[in-house]
Amino acid sequence: MTSPLELLATSGLFVTGALIMRGAGCAINDLWDRNLDPHVERTKFRPIARGAVTPQKALVFTGFQLLGGLGILLQFPFECLWYGIPSLLFVASYPLAKRVTNYPQFVLGLTFSWGAMMGFPALGVDLLSRPDALAAAAALYSSCVAWTVLYDMIYAHMDIKDDVAAGIKSIALRHEHNTKAVLSGLAVTQVALLGVAGLAAGAGPVYFIGSCGSAIATLGLMIWRVRLKDVGNCWWWFKNGCWLTGGGIALGMAGEYIDQYRKRGDETSSPDL
């Protein structure tokens with residue numbers, strides 16, 4: 001079982017890598033959208049859109065970020081390269097999705113959730129030789145995709161009027177009149193897949209109560225309370241709702257790890273009968 005120190009070190013690398021690659025993804029998105037962002041109230045003052053940063057300088061900046069991300073990736077086992085590099089395709093293609101589909105949030109989910117797959121090989125778990133681990137990783141990844149689509153759908157409601165004028169496609173526009181039903185379906189899907197991941201990984205009650213239970217409570221509260229016609233309220237729930245749900249899931253996983261680690265310690269310290 002992974003030691004607490006190794007787990008903390010790996011988590012630190014993931015946080016750092018996520019921040020770097022999030023920045024790179026945002027820069028790539030702003031480059032693609034530099035002619036669209038000036039027409040949207042929320043994005044018209046972004047550095048590239050308002051002319052404060054030239055596309056050439058943004059490309060250089062993005063290049064350094066990608067090199068930084070590669071530096072983090074090289075700290076993991078070599079196998080992680082085969083999992084990490086393909087994610088760049090999603091990072092680069094998300095901005096294009098909003099031009100050809102009403103569901104660019106799904107592509108965003110595929111991009112943002114990739115860490116759920118990366119975590120297993122980063123800790124030395126070979127997904128190709130461990131069907132149980134592969135099932136857990138696939139379910140966790142799919143759960144995170146559903147979650148990303150859910151909270152970004154709320155985010156997309158902030159720009160509905162400007163998106164219509166700019167010709168930008170969005171899930172919020174496609175389901176403007178049944179948004180809460182779609183959000184509820186996504187929430188059920190997310191929690192169900194979170195439960196499947198726990199079953200595949202052999203998780204115990206701490207995980208199901210902490211992670212799945214908190215997700216049910218926080219997602220239900222968010223969907224019930226969010227006012228989709230109120231830009232400020234959508235922003236509040238987008239900004240804070242993901243922390244509430246993500247925090248609960250993370251605490252549940254941490255509690256499950258501590259419980260399993262304690263049990264493993266008790267087993268190894270018990271004298272043979």
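Tyr-141 offers a way into this predicted model: leaving aside residues up to four places away in sequence, Tyr-141 touches Phe-90, Leu-110, Ser-113, Trp-114, Ala-116 and Met-117. Tyr-141 also belongs to the largest nonpolar core, which has 50 residues. Within that core, Tyr-141 is one of the residues that touch the most other members, together with Leu-127, Leu-150, Ile-154, Leu-194 and Leu-219. Two or more residues of the core come from each of the helices α2 (55–73), α3 (80–84), α6 (115–122), α7 (131–156), α10 (179–201), α11 (205–225) and α12 (231–269). Of these elements, α7 gives the most, with 14 residues.

Helix α10, one of the contributors to the core, can be followed through two of its residues. Gln-190 is located in helix α10 and has a relative accessible area of 1%, so it is buried. Apart from residues up to four places away in sequence, Gln-190 touches Ser-143, Ala-146, Trp-147, Leu-219, Thr-245 and Ile-249. One of these, Leu-219, is also among the core residues that touch the most other members. Between the C-alpha atoms of Gln-190 and Ala-49 there is a separation of 35 Å, with the two positions 141 residues apart along the chain.

Val-191 likewise has its place in helix α10. Its relative accessibility is 14%, and Val-191 therefore counts as buried. When neighbours within four places in sequence are set aside, the contacts of Val-191 are Cys-212, Ala-215, Ile-216 and Leu-219. Leu-219 is thus a contact of Val-191 and is touched by Gln-190 as well. Ser-143, which Gln-190 touches, stands 48 residues from Val-191 in sequence, and their C-alpha atoms are 7.0 Å apart in space.

The aromatic residues form a further part of the picture. The structure holds twelve aromatic pairs. In one of them, Tyr-151 and Phe-238 have ring centres 5.6 Å apart and planes at 55 degrees, a tilted arrangement. Because Tyr-151 lies in helix α7 and Phe-238 in helix α12, this pair ties together parts that are 87 residues apart in sequence. Tyr-151 and Phe-238 are both buried.

Phe-238 also pairs with Tyr-155: the ring centres are 4.3 Å apart and the planes are at 35 degrees, so this pair too is tilted. Here again distant parts of the chain are linked, with Tyr-155 in helix α7 and Phe-238 in helix α12, 83 residues apart. Both partners, Tyr-155 and Phe-238, are buried. Ring pairs join these residues into a cluster made up of Trp-147, Tyr-151, Tyr-155, Trp-235 and Phe-238. Trp-147, a member of this cluster, is one of the residues touched by Gln-190.

Attention now turns to the second largest pocket, whose volume is about 210 Å³. Its lining consists of His-157, Met-158, Ile-160, Lys-161, Glu-176, Leu-228, Lys-229, Asp-230, Val-231 and Cys-234. The elements that supply two or more residues to this lining are α8 (160–166) and α12. By class, five of the lining residues are nonpolar, one is polar and four are charged.

Leu-228, a lining residue of this pocket, is found in the loop between α11 and α12. With a relative accessible area of 15%, Leu-228 is buried. Neighbours within four places in sequence aside, Leu-228 is in contact with His-157, Thr-179, Lys-180 and Cys-234; of these, His-157 and Cys-234 also appear in the pocket lining. Leu-228 and Pro-55 are 173 residues apart in sequence, and their C-alpha atoms are 34 Å apart.

The account ends with helices α1 and α2. Gln-65 has its place in helix α2, and at 12% relative accessibility Gln-65 counts as buried. Residues up to four places away in sequence excluded, Gln-65 touches Ile-20, Gly-23, Ala-24 and Ala-27. Ile-20 lies in helix α1 (residues 4–32) and is partly exposed, with a relative accessible area of 23%. With the corresponding exclusion of residues up to four places away in sequence, Ile-20 touches Gln-65, Gly-68, Gly-69 and Ile-72. The C-alpha atoms of Ile-20 and Thr-62 are separated by 9.7 Å, although these positions lie 42 residues apart along the chain.

Terms used
Residues numbered from 1 in each chain as written. Predicted model: local features only at pLDDT ≥ 70, side-chain atom pairs only at ≥ 80, totals over all residues. Heavy atoms only, no water. Core = buried A, V, L, I, M, F, W, Y, C linked by side-chain atoms within 4.5 Å. Buried < 20%, exposed > 50% of the residue type's maximum accessible area, 1.4 Å probe, protein only. Helix = DSSP H or I, 4+ residues; strand = E, 2+ residues; numbered from the N terminus. Contact = heavy atoms within 4.5 Å. 1 Å grid on protein atoms, 1.4 Å probe; cavity = no way out; pocket = protein on both sides within 12 Å on 5 of 7 lines; lining within 4 Å. Points joined across faces, edges and corners; volume = space filled by probe spheres on them. Nonpolar A, V, L, I, M, F, W, Y, C, P; charged D, E, K, R; others polar. Phe/Tyr/Trp six-rings, centres within 6.5 Å; stacked < 30°, edge-to-face > 60°.
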